[in-house]
Protein chains: 2
Amino acid sequence: MKRFFIELSYKGTAYSGWQVQPNGPSVQQTLEEALALILRREVPVTGQGRTDAGVHALKSFAHFELEEVPMDNKTLTYKLNRLLPQDIAIHRILEVQPDAHARFSAEAREYRYFIHLGKSAFLKDTALQLYRIPDLEAMQKAAQYIPGEHDFSSFCSARAEVAHKRCTVSQAEWRQDGRMLTFTIRANRFVMNMVRSLTGTMLEIGAGKRRPEDMPLILAALDRTQAGENAAPEGLHLSDVIYPSSIFISPEK
Amino acid sequence: MKRFFIELSYKGTAYSGWQVQPNGPSVQQTLEEALALILRREVPVTGQGRTDAGVHALKSFAHFELEEVPMDNKTLTYKLNRLLPQDIAIHRILEVQPDAHARFSAEAREYRYFIHLGKSAFLKDTALQLYRIPDLEAMQKAAQYIPGEHDFSSFCSARAEVAHKRCTVSQAEWRQDGRMLTFTIRANRFVMNMVRSLTGTMLEIGAGKRRPEDMPLILAALDRTQAGENAAPEGLHLSDVIYPSSIFISPEK
């Protein structure tokens, strides 16, 4: 058996999320159907994790296995891109070690949340549009409490079924470029709705409804009801997944 | 009578172009209908020029006149943005001299044509996606023949009804940023399909079907059949319109 990583991006607007769901097409299912058509067999695909409905990926990874490989990686990439809808793009396919796993081998993930100040004619599906200018300095201050190892129970959906909610955040910061605000967060793992609820809470701080100093108190409460609402899914983009280079057999990466 | 400039952007995908057309909604008509609803009278709007169906504007201008002004410019901007669809955004409204004209007062216009190298999950409507990497150096060489005053008959639709096709181009260049190629062109005026046919011709040069040195020969031929096909409308964005600052009464701009 040979194992391969697919590096891909997708615009999540038309999908029920990454994971196969009863309510509408998922990115995973769309990808599995395209692989099955090209390779003429069932090809289960395992993603780096789940993304919610309407959430995007600028760079994500999934793995699959093949007994026999009927074409080279570039040809398969080309055929997949031709067959897949316009909102899923395959960047490349890389052979990996047989025990490499798109989810469990990942050392870190990075998300970006985009907020456009004012109406944008172009960003309906890919950024939150905010009419009132928030206090970016207060949001920056609040973000400084996020890095480190914490139990993120206050920022995790009650629906999440996970053994624990501890995550180690290595980066959490806001940047402004013209009328675009970007929150970038990198961690070893994320729990369900974590980035959206952190962003929603910081937006309440930016609107003056809470103070930056409330952030550590909310974190310590370990209670989802203490944090703010989830920010809308359309602003959220999975922007990177980091793997140890030793898992890649192909010369690239 | 007071005269106002509207600075706006629009995603042209859903429109038959700027100008009121029989075949589908235009940006102009959509804007006039919103102004009429808010101001409770007919408000004809004059744009900086036309854009084709599917072509976008990152920054454009239009003017209108009012006998009485029932609200300030910020309030009108806010109300327009609330009423207009998501793909038209009003940046601001500025009072101008009574003889200022969105089309005739313009000293220069700038267009950008975006080309993404490879498939993009996000840019279906706003960039041309090119699977074969073109020879950018050859396209740069070809672009160097464009600046100056020329008769652009070879790059103008035969349908155009204009007194003459002379334009003075002050800038024409390609840039690459990652996988995005951008052609930027600035001129005192543009004739119909000029940027799309220039881009289409340079793409043929980039694909090795013509040489950069063919560019001055095509220009000199004054014959539309000598140039290449129009590049697809979705890659084209009107990016700026330049007016003398003396026309603006408002303190801004």
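These legends walk through close-up views of a predicted model with two chains, A and B.

As this is a predicted model, local features need pLDDT of at least 70 and side-chain atom pairs count only at pLDDT 80 or more, while totals for chains, interfaces and linings use all residues. Residues are numbered from 1 along each chain as its sequence is written, chains are lettered from A and ligands numbered from 1 in the order in which they are written, and side-chain values use heavy atoms, with hydrogens and water left out.

**View 1. Where chain A meets chain B.**
Let us start at the contact, to which chain A gives 25 residues and chain B gives 25 residues; contact here means heavy atoms within 4.5 Å. About 1,700 Å² is buried between the two chains, with carbon and sulfur atoms giving 64% of that area. Buried area is the accessible area (1.4 Å probe) that two parts lose on being put together, summed over both. On the chain A side, A:Gln86, A:Lys119 and A:Phe122 lose the most area to chain B, together 43% of what that side buries.

**View 2. What the chain A side is made of.**
Between chain A and chain B there are 12 residue pairs in polar contact, both residues at pLDDT 80 or more. A polar contact is a pair of N or O atoms within 3.5 Å; within protein, one must be able to donate a hydrogen and the other to accept it, and residues adjacent in sequence count only if both atoms are side-chain atoms. Salt bridges between these chains number 0, the term standing for a side-chain nitrogen of Lys or Arg within 4 Å of a carboxyl oxygen of Asp or Glu. The elements of chain A that give two or more residues to this side are strand S1 (2-10), strand S3 (56-66), helix H2 (73-83) and strand S4 (88-96). Helices (H or I, at least four residues) and strands (E, at least two) are DSSP runs, numbered from the N terminus.

**View 3. How the two copies are related.**
Chain A superposes on chain B by a rotation of 180 degrees with 0.0 Å of shift along its axis (RMSD 0.0 Å). That is the relation of a two-fold axis. The same surface serves both copies, since 100% of the contact residues of chain A recur in chain B. The superposition is by least squares on the C-alpha atoms of residues with pLDDT of at least 70 in both.

**View 4. Two domains within chain A.**
Chain A is assigned domain 1 (2-104) and domain 2 (108-239), with bounds from an automatic or database domain assignment. Their C-alpha centres lie 27 Å apart, and 16 residues of domain 1 are in contact with 13 residues of domain 2. Between these domains there are 2 salt bridges.

**View 5. A salt bridge between strands.**
A:Glu65 in strand S3 and A:Arg3 in strand S1 of chain A are 62 residues apart. They form a salt bridge whose closest N and O atoms are 2.9 Å apart.
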